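Reader: I am new to this structure and would like to go through it slowly. Could you take me through one helix packing and one residue beside it?

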Amino acid sequence: MVTNRWSGLLLASPLALILALFLIVPIGTIVVVSFFDYDSVRMFPAFVWTNYEELFLSPITWKTYFQTLQFAAITWAICLIVGFTVAYFLAFHIASPLMQTALFLVCTIPFWTSNVIRMISWIPFLGRNGLLNQALMGMGAINEPLEFLLFSNFAVILAYVHLYALFMVVPIFNSMVRIDRALIEAARDAGATEWQVLRNVVIPLARPGIMIGSILVVAVVMGDFVTVRLMSGGQSASVGLMMVNAMSLLQYPAAAANAVVLLIVVLLMIAAMLRIVDIRKEL
């Protein structure tokens, strides 16, 4: 019995070492630095609450967190609709597994290029003199270019959906292909409509995939800063962008404190999601 216990510990030790080196130590370092003091050129080892006090007492911080949560919520909702629709079509309307794989690979084509390149590609399309405005003016739908299409919150949300919709498609599709088709046939034989089948059979059984996709999308959007910087033209802010700006000014303790708060917020959001659905069934 003792031999088996030591064997289990030895088998788990490599993974524990990796987690300690690449997860626990970095997070611990960020927490420690968040209590340091600093001036315009350097930081001092200390234990002060100044960084957290400045963070929580600043109205800019609350506005930035609120806007980041808005971005996350809207992106999550749109990605959920798009991801569920695409996954449902692939799982239930494409009979051939080969065709399912082929269409799924088509969905991944945008991921073959850099995120930055995919974001920049929207600029000539959405710009004031871009393709979309020119097409709408050519059709007579508008008299002057639409200003909100680029360098706005709309552009940020559009880029987020473009970048992360696949994060919702993959887990939902993986859940849907596992659904026993006999359950759907039984529901139809019992007189259920397509909407009732979707609501009472498909959605409940696809919940683990929905929750995994939701965690991925929300976590990535909450920590993103590149998309907001490029697509808003500096007119919007996010928590990640606020941390980058602090680091550019050598305010590393302030950025570390912000990172700790953001980590806690994201973990609380994920914990709330895990209370709804046990995703261990999916893993």
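Reader: At what angle do helix H2 and helix H14 pack?

Author: This is a predicted model, and in it H2 covers residues 50-57 while H14 covers residues 252-276. Their axes lie 9 Å apart, and the angle at which the two helices pack is about 65°.

Reader: Is the crossing of H2 and H14 left-handed or right-handed, and how do the residues of the contact divide?

Author: The crossing of these two helices is right-handed. H2 brings Asn 51, Tyr 52, Leu 55 and Phe 56 to the contact, while H14 brings residues including Pro 253, Ala 257 and Val 261. Sorted by character, the residues of the contact come to 8 nonpolar, 2 polar and no charged.

Reader: Why does Ser 34 count as buried?

Author: Ser 34 sits in the loop that runs between helix H1 (2-33) and strand E1 (37-38). Among the residues it touches, leaving aside those up to four places away in sequence, are Asn 51 and Tyr 52 as well as Pro 253 and Ala 257. Buried means under 20% relative accessible area, and Ser 34 therefore counts as buried because its relative accessibility is 0%.

Reader: Which side chain does the side chain of Ser 34 join in a polar contact of 2.7 Å?

Author: The side chain of Ser 34 reaches the backbone oxygen of Val 31 at 2.5 Å, but that partner is a backbone atom. The polar contact of 2.7 Å between side chains joins Ser 34 to Tyr 52.

Conventions. Residues are numbered from 1 along each chain as its sequence is written. This is a predicted model: local features need pLDDT of at least 70, side-chain atom pairs count only at pLDDT 80 or more; totals for chains, interfaces and linings use all residues. Side-chain values use heavy atoms; hydrogens and water are left out. Axes are lines fitted to C-alpha atoms, for helices over the stretch in contact, and angles run from 0 to 180 degrees between N-to-C directions. Helices (H or I, at least four residues) and strands (E, at least two) are DSSP runs, numbered from the N terminus. A crossing is left-handed if the near helix is turned anticlockwise from the far one by less than a right angle, and right-handed if clockwise. Contact means heavy atoms within 4.5 Å. Ala, Val, Leu, Ile, Met, Phe, Trp, Tyr, Cys and Pro count as nonpolar, Asp, Glu, Lys and Arg as charged, and the others, Gly among them, as polar. Buried means under 20% relative accessible area, exposed over 50%, partly exposed in between (1.4 Å probe, protein chains only). A polar contact is a pair of N or O atoms within 3.5 Å; within protein, one must be able to donate a hydrogen and the other to accept it, and residues adjacent in sequence count only if both atoms are side-chain atoms.
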